[in-house]
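Here is a walk through one small model, with an eye on its charged pairs and the helix that carries most of the story. Have a look at it first, then read on.

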Amino acid sequence: MEIGNTKKKSPKRKAVAQAIVDENQEIQEAIRLKAYEIYLERNGAPGDELEDWITAERIVLKKFA
């Protein structure tokens, strides 16, 4: 059923959408923590933050795949 330009989502679709959002948040938090762990492994020395993030993404996404 359409209301204006928006479609009304069924409860099941809402639950699926929320599960996707929750999983995405869980993945992002895991990446943040892994990137921080990589930083700590350098004893907090300056480094390449982007490279830390990319490395953390690769590690974490392997676990979620």
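Let's start with a charged pair: the side chains of Lys 34 and Glu 37 meet in a salt bridge, with 2.5 Å from N to O. Bear in mind that this is a predicted model. Both residues belong to helix α1, where they sit 3 residues apart, about one turn of the helix. That spacing suits a side-by-side pair, because an α-helix has 3.6 residues a turn and residues three or four places apart point the same way.

The two partners differ in how much cover they have. Lys 34 counts as buried because its relative accessibility is 19%, and the cut-off for buried is under 20%. Glu 37, with a relative accessible area of 36%, is partly exposed. The 2.5 Å pairing of these two side chains also registers as a polar contact.

What does Lys 34 touch once its neighbours within four places in sequence are left aside? The contacts of Lys 34 are then Ala 56, Ile 59 and Val 60. This fits a wider pattern: the buried residues of α1 pack against α2, which runs over 49-64. Besides Lys 34, the buried set of α1 holds Ile 27, Ile 31, Ala 35 and Ile 38.

**The salt bridges**

How many salt bridges are there by this rule? The count comes to 3. Here they are together, each with its N to O distance:

| Pair | N to O distance |
|---|---|
| Lys 34 and Glu 37 | 2.5 Å |
| Arg 32 and Glu 29 | 3.1 Å |
| Arg 42 and Asp 52 | 2.8 Å |

Arg 32 and Glu 29 are again a pair within α1, 3 residues apart and about one turn of the helix. Arg 32 counts as partly exposed because its relative accessibility is 42%. Glu 29 counts as partly exposed too, at 35%.

Then there is the bridge between the side chains of Arg 42 and Asp 52, at 2.8 Å. Arg 42 lies in the loop between α1 and α2 while Asp 52 is in helix α2, so this pair ties together parts that are 10 residues apart in sequence. Arg 42 is partly exposed, with a relative accessible area of 26%. Asp 52, on the other hand, is buried, with a relative accessible area of 9%.

**Helix α1 itself**

Now for the helix as a whole. Helix α1 covers residues 11-41. Does its length come out as expected or not? At 1.5 Å a residue, the 31 residues of α1 should span 45 Å, and the end C-alpha atoms are 45 Å apart, so the two agree. If the sum looks off by one, remember that the 1.5 Å is multiplied by one less than the number of residues. After α1 comes Asn 43, which has a positive phi, near 60 degrees.

**A nonpolar patch**

Which residues form a nonpolar patch on the surface? That would be Tyr 36, Tyr 39 and Leu 40, with about 300 Å² of accessible area together. Tyr 36 has its place in helix α1. At 48% relative accessibility, Tyr 36 counts as partly exposed, because exposed would take over 50%.

So α1 has buried residues that pack against α2, and Tyr 36, a member of the nonpolar surface patch, is part of α1 as well.

Terms used: Residues are numbered from 1 along each chain as its sequence is written. This is a predicted model: local features need pLDDT of at least 70, side-chain atom pairs count only at pLDDT 80 or more; totals for chains, interfaces and linings use all residues. Side-chain values use heavy atoms; hydrogens and water are left out. Patches are made of residues with over 30% relative accessible area and no salt bridge: like charges are joined within 9 Å, nonpolar side chains (Val, Leu, Ile, Met, Phe, Trp, Tyr) within 5 Å. Accessible areas come from the Shrake-Rupley method with a 1.4 Å probe; for residues, only the protein chains shown count as cover. A salt bridge is a side-chain nitrogen of Lys or Arg within 4 Å of a carboxyl oxygen of Asp or Glu. Helices (H or I, at least four residues) and strands (E, at least two) are DSSP runs, numbered from the N terminus. Buried means under 20% relative accessible area, exposed over 50%, partly exposed in between (1.4 Å probe, protein chains only). Contact means heavy atoms within 4.5 Å. A polar contact is a pair of N or O atoms within 3.5 Å; within protein, one must be able to donate a hydrogen and the other to accept it, and residues adjacent in sequence count only if both atoms are side-chain atoms.
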